[in-house]
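I opened the model today to look up its nonpolar cores and one helix pair. My notes follow in the order I took them.

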Amino acid sequence: MLIPTLFRSALLRRLLDWGQTLAWILALVLAVSLIASGVQGWGSDRVPALLQWVGQPAIGLMVGLLATALSQASGLVIALVVGLVAGGFPIALAIPVVMGANIGTTVTSPLVSLGQSPKDDTFQRSFAAATVHDCFNICTALLFFPLEQL
């Protein structure tokens, strides 16, 4: 029995979607491995100095917060930390940096809501949403940071 044309096109579209998803996952794995090999080549003599900077969890939290606040890109900071971990950086020291990057996004959300300032009602809603986002990030870090140190 022949498969109807509509079913074939839907099946083909679904297969192409899965193929595209698999290709993006492979690209992500390749990118992380390239970052890891770059960190291994770059950081072989610099890792001890980096470990001195983020050897204390509270300092690692502040480094992640500051790096994200300055770059306005938590994805960049987290990608660098993932590359460092893949290159041999201890994961116990990387977790506070990622938490700091999460808190660092609290600087971005009020700045984005300021773009709505000409519209009073929209600005109030966007600033309220930014405040809720900030409170969630800070409360999450306040809850999980001490638990991580146990």
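I started with the contacts of A101, in what is a predicted model. Leaving out residues up to four places away in sequence, I found that A101 touches G64, L65, T68, S74, V77 and I78.

Next I looked up the largest nonpolar core. I listed nine residues for it: V54, V77, V81, L84, F89, L93, A94, V97 and A101. A101 is thus on this list, and so is its contact V77. I then checked which elements give two or more residues to this core, and noted α4 (74–86) and α5 (91–113). The most comes from α5, which gives four residues.

I also noted another core, lying apart from the largest one. This other core has five residues, including M99, I103, A141 and F145.

I then turned to the packing of α5 against helix α3, residues 57–71. I read an angle of about 40° for this pair, and their axes are 6 Å apart. Angles from 35 up to 65 degrees fall in the oblique class, and α3 and α5 are therefore oblique to each other. I entered their crossing as right-handed.

For the contact itself, I wrote down P57, G60, L61, G64, L65, T68 and A69 on the α3 side. On the α5 side I wrote down P96, V97, M99, G100, A101, I103, G104, T105 and V107.

Last, I sorted the contact of α3 with α5 by class. I counted ten nonpolar and six polar residues, and no charged ones.

Note on methods: Residues numbered from 1 in each chain as written. Predicted model: local features only at pLDDT ≥ 70, side-chain atom pairs only at ≥ 80, totals over all residues. Heavy atoms only, no water. Core = buried A, V, L, I, M, F, W, Y, C linked by side-chain atoms within 4.5 Å. Buried < 20%, exposed > 50% of the residue type's maximum accessible area, 1.4 Å probe, protein only. Contact = heavy atoms within 4.5 Å. Axes fitted to C-alpha atoms, helices over the stretch in contact; angles between N-to-C directions. Parallel < 35°, antiparallel > 145°, perpendicular 65-115°, else oblique. Left-handed = near helix turned anticlockwise from the far one by under 90°. Nonpolar A, V, L, I, M, F, W, Y, C, P; charged D, E, K, R; others polar.
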